[in-house]
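Dear colleague,

Please find below the structure that I am handing over to you, together with its sequence. My account of what was found in it follows directly after.

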Amino acid sequence: MSAAAVAPQQDLEDESLLHEALLQFLYLAPIGLTQTSIDGEISLINPLCAELLMPLLRGAELNNLFDALSSVAPDLAHRARTYAPAHGKICEGLEIHVSGGMDGKGAQILGLTLLKLDDTRLMAVLDDITQVVQRERELRHTQAWIQSISTGLLDVSYALMSLDAEGRVQGWNPGIRNLTGSEAEATVGHSYANFYPGGDTGGTRAAERLQEADRTGWSLEEGWVRRTDGERFWASCLIAPVSLDRAEAASTAERMYSLVIRDISEHREANEALRRSIWTDHLTGLANRRAFFEAAGTAMQRCARSRLLLSVVLFDADRFKAVNDTHGHAAGDAALRHLAAGLLATFGPDDVVARYGGEEFVVLMPGATAQVAHAVAERFRAHMASHPVTVDGVSLRCTVSAGVASAGKGVADIDVLLQRADTALYAAKAVGRDQVVDWNEAMVLRGRAAAPRAPR
Ligand SMILES: Nc1nc2c(ncn2[C@@H]2O[C@H](COP(=O)(O)OP(=O)(O)OP(=O)(O)O)[C@@H](O)[C@H]2O)c(=O)[nH]1
């Protein structure tokens, strides 16, 4: 045999050995491998790769890689076609989410690396990375916990949960049991909405809060949270997206959040006290001027919308200077408290009773005609005239004068209404005090009552 005749034979043997070795390698490789044409036609495939692609075929034959992956990675063929370099990585570690199987297991995630070998051939490396991704998620959870703990949340009076993209609780700390009485079994896997102010407010609002957290960086709400024993507490609930580098790149389905619930009942009581002090007159406990104007604005709008009348009565204690001068300021204060209590007892729950100034009081009566307002004001006047208050054993009789005005057509402004009531009150004083006078068109308006709205 000549050397020339032997050489091609040797080449052929070498090539077939090489091919055999490649097949062997493909067959034994612990990852899915397939060689395809540029259009994805499969020329070589190992069993693991075929196994990984099988759930995606839905009965079709496994001839083309891009066809097999079309439902989960539809742009792959395009990416391969438009990849310009002569060879290289078309994509690396592309996460392909295969929807959950009929066996009830969670979604499988494949990692795909696609290599261009030359102008005619591609090599795909496919791996089941479900557990790797799961581990990464767990790591992110852990980091979320560490983040929260490092910002001073070691105290178990905080309930701390990690949430998945759907708002389901993924992890929890013992603070949840302390605060709400809930155990882990009843918590993990369920919507966080159960722990939110107002209880289970339905999926839409729960999702809205997560969206708000995505948009603005956090979502904060306060409200009552019910404990499993039926008790409730005032809570502040903060949702924040877990901001890890990978989370930015992660798909929406992979987003995660942390939820912190704090019992702020004491804080609320302090706020409530502050609120009360802002809106309440210290001496009498009635609404103050500021509260009156707030309530009046709302009531005027409501009555205008439903075409209801609205009346205002201004009261002023008669010759009060003399009470102070004769019996002392403390006795005057007692007389004012007596007057306030009488007003509350006389007017209805829908009426707004407020201290308007020193010895002046105002009542807003939504839905009341001038006649009704006059009648109730008259009842109060008569009560004050016939019920003296006893201070330090001394009986003080303190009468009041009143002016009544009603908002009918053309009066949409509380200032105008008060100005009319004040004009009528002035008239009541002028005709001898201890009177109730209604405003009428013949009266010349006094300019005083359109008063500034600063709190006293
Ligand atoms: N004790 C006490 N007196 C007050 C308070 N606020 C206002 N006054 C007094 O109420 C008196 C009001 O006096 P005037 O405005 O002269 O009116 P009046 O004496 O009531 O006379 P007429 O309104 O004309 O009937 C003043 O002496 C004020 O000091 C208060 O909070 N406590």
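Two strands count as paired if DSSP finds at least two bridges between them. In that sense leucine 314 has valine 362, in E13, as its bridge partner. This residue pair belongs to one of the two sheets described below, and I return to it there.

Overall character of the model

Please note that this is a predicted model. The average pLDDT of the chain is 82, and 80% of the residues score at least 70. The scores for the model are ipTM 0.97 and pTM 0.49. Two stretches call for separate mention. Over residues 1-6 the pLDDT stays under 50, and the model has one contact beyond four places in sequence for them. Residues 449-456 also have a pLDDT under 50 throughout, but here the model has 14 contacts beyond four places in sequence.

The chain contains 15 helices and 17 strands. Of its 456 residues, 31% count as buried. Where contacts join residues at least 6 apart in sequence, 56% of them link residues at least 24 apart.

The mixed sheet

An open sheet is formed by five strands in the order E12-E13-E11-E16-E17, with mixed pairing. At its edges are strand E12 (352-355) and strand E17 (436-438), each of which pairs on one side only. On average, neighbouring strands of this sheet are turned by 20° against each other, direction ignored.

Strand E11 (310-317) has partners in both E13 and E16. With E13 it runs antiparallel, joined by seven bridges; the pair of leucine 314 and valine 362 in E13, mentioned at the outset, is found here. With strand E16 (residues 400-407), E11 is joined by eight bridges, again antiparallel. Within E16, serine 401 stands opposite aspartate 316.

Helix H11 (residues 289-305) packs on this sheet and touches E11, E12, strand E13 (360-366) and E16; the direction of H11 makes about 20° with that of E13. Helix H15 (residues 414-430), for its part, lies across E11, E16 and E17 and runs at about 145° to E16.

E13 also pairs with E12, in the antiparallel sense and over four bridges. The two strands form a hairpin with four residues between them, and valine 353 stands opposite valine 363 in E13. How far is E13 enclosed by the rest of the structure? Six of its seven residues are buried, so E13 is largely enclosed.

The antiparallel sheet

Another open sheet has five strands in the order E7-E6-E10-E9-E8, and its pairing is antiparallel. Strand E7 (169-172) and strand E8 (219-226) are the edge strands, each pairing on one side only. From one strand to the next, the twist averages 25°.

Strand E6 (residues 158-163) is largely enclosed by the rest of the structure, because five of its six residues are buried. E6 pairs with E10 in the antiparallel sense over six bridges, and with E7, also antiparallel, over three bridges. Methionine 161 takes part in both pairings: its bridge partner in E10 is leucine 259, and its bridge partner in E7 is tryptophan 172. E6 and E7 form a hairpin with five residues between them, and glycine 167 in the turn has a positive phi of about 80°.

Further along the sheet, strand E9 (residues 232-241) and strand E10 (residues 257-263) are paired in the antiparallel sense over seven bridges. In this part of the sheet, alanine 235 stands opposite aspartate 263 in E10.

The surroundings of the ligand

Which residues come nearest to the ligand? Among the 16 residues around the ligand, these are Phe320, Lys321, Gly332, Gly358 and Glu359. Strand E11, helix H12 (320-327) and helix H13 (329-346) each supply at least two residues of the shell. H13 gives the most, with four residues. By class, the shell divides into eight charged, four polar and four nonpolar residues. E11 therefore appears twice in this account: as a strand of the mixed sheet, in the order E12-E13-E11-E16-E17, and as a supplier of residues to the shell around the ligand.

With kind regards

Note on methods: Residues numbered from 1 in each chain as written. Predicted model: local features only at pLDDT ≥ 70, side-chain atom pairs only at ≥ 80, totals over all residues. Near = placed C-beta within 6 Å. Nonpolar A, V, L, I, M, F, W, Y, C, P; charged D, E, K, R; others polar. Axes fitted to C-alpha atoms, helices over the stretch in contact; angles between N-to-C directions. pLDDT = per-residue confidence, 0-100. Contact = placed C-beta atoms within 7 Å. Buried ≥ 20, exposed ≤ 12 C-beta atoms within 10 Å, placed from the backbone.
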